[in-house]
Amino acid sequence: MGNFTFSTKYKLQGLLLVLSIFLCNIDCLALDTWNGSQRGPAPALSGSTYTITRCRELAWLADQVNVGTTFAGFTFILADDLNLGNFSWTPIGNNTRPFSGTFNGQSRTIYNLNINNSGSSYAGLFGYIGNNASISNTY
């Protein structure tokens, strides 16, 4: 059998390929995934702006709104993509307790949203928003 050696050129190309695959998947490794039950603590608050980086913080927002906190005058920004894991999601707000703040998704994505409430007219990430609420840049 003959000796088989890789040239430096091919070794470098292989290393670059492995490195590029790894770097392309870093976001997937960092994606926060909800377990369907975690809620809170509250997201970081600076002035009147909350920064959501975890699924449990988004669930906290839903819980707070659905018990009557409107968050009028407050802004929520989504700082990371989130994976709700296909667990049943309770929408943020309803017709008697609407969300009245500002939610800016900053072009982030919320993956695997599952609404298991076919009998409701108020289904989605947000179930009901107030007249002065603003929802933007969420995918």
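User: What makes the meeting of the side chains of Asp63 and Arg39 a salt bridge?

Analyst: The term requires a side-chain nitrogen of Lys or Arg within 4 Å of a carboxyl oxygen of Asp or Glu. Between Asp63 and Arg39 the N to O distance is 2.8 Å, so the pair qualifies. Asp63 belongs to helix α3 and Arg39 to the loop between β1 and β2 (44–46), so the bridge ties together parts 24 residues apart in sequence. The model is predicted: local features need pLDDT of at least 70, side-chain atom pairs count only at pLDDT 80 or more, and totals for chains, interfaces and linings use all residues. Residues are numbered from 1 along each chain as its sequence is written, and side-chain values use heavy atoms, with hydrogens and water left out.

User: How many salt bridges does this rule give?

Analyst: The count is two. Asp32 also pairs with Arg54, with the closest N and O atoms 3.7 Å apart. That pair links distant parts of the chain, Asp32 in strand β1 and Arg54 in the loop between β3 and α3, 22 residues apart.

User: Why is Asp32 called buried, and why does Arg54 count as partly exposed?

Analyst: Buried means under 20% relative accessible area, exposed means over 50%, and partly exposed lies in between (1.4 Å probe, protein chains only). Asp32 has 14% and is therefore buried. Arg54 is at 33%, so it falls in the partly exposed class. In the other bridge, Asp63 at 26% is partly exposed, and Arg39 at 38% is partly exposed.

User: How do you know that the span of helix α3 agrees with its 12 residues?

Analyst: Helices (H or I, at least four residues) and strands (E, at least two) are DSSP runs, numbered from the N terminus. The expected span is 1.5 Å times one less than the number of residues. For α3 (residues 55–66) this gives 16 Å; the end C-alpha atoms are 17 Å apart, which agrees. After α3 comes Gly68, with a positive phi near 120 degrees.

User: What makes α3 mostly covered?

Analyst: Nine of its 12 residues are buried, among them Cys55, Glu57, Trp60 and Asn66. The cover over these buried residues includes β1 (32–33), β3 (49–52), β4 (75–78), β5 (82–83), β6 (102–108) and β7 (110–111).

User: Which residues have the most contacts inside the largest nonpolar core?

Analyst: A nonpolar core is a set of buried Ala, Val, Leu, Ile, Met, Phe, Trp, Tyr and Cys residues joined through side-chain atoms within 4.5 Å. The largest has 23 residues, and those with the most contacts inside it are Leu58, Leu61, Phe76, Trp89, Ile92, Phe99 and Phe103. At least two core residues come from each of β3, α3 and β4. The biggest contribution is that of α3, with seven residues.

User: What is Ile92 in contact with, leaving aside its neighbours within four places in sequence?

Analyst: Contact means heavy atoms within 4.5 Å. The partners of Ile92 include Leu58, Leu61, Ala62, Val65 and Asn66, as well as Phe99, Leu125 and Tyr128. Across the protein, among contacts between residues at least 6 apart in sequence, 78% join residues at least 24 apart.

User: What makes the peptide bond from Gly40 to Pro41 and the phi of Ser107 worth listing?

Analyst: Most residues other than glycine have a negative phi, and most peptide bonds are trans. The Gly40 to Pro41 bond is cis, with omega near 5 degrees, and Pro41 is in the loop between β1 and β2. Ser107 is not a glycine, yet its phi is positive, about 60 degrees. Ser107 sits in strand β6 and is partly exposed at 45% relative accessible area. Asn112, also not a glycine, has a positive phi of about 55 degrees. Asn112 lies in the loop between β7 and β8 (134–138), and at 36% relative accessibility Asn112 counts as partly exposed.

User: Where does pLDDT stay under 50?

Analyst: pLDDT is the predictor's confidence in each residue, from 0 to 100. It stays under 50 over residues 22–28, for which the model has zero contacts beyond four places in sequence. Where pLDDT is low, the predicted coordinates should not be read in detail. The mean pLDDT of the protein is 85, and 78% of its residues reach 70 or more.
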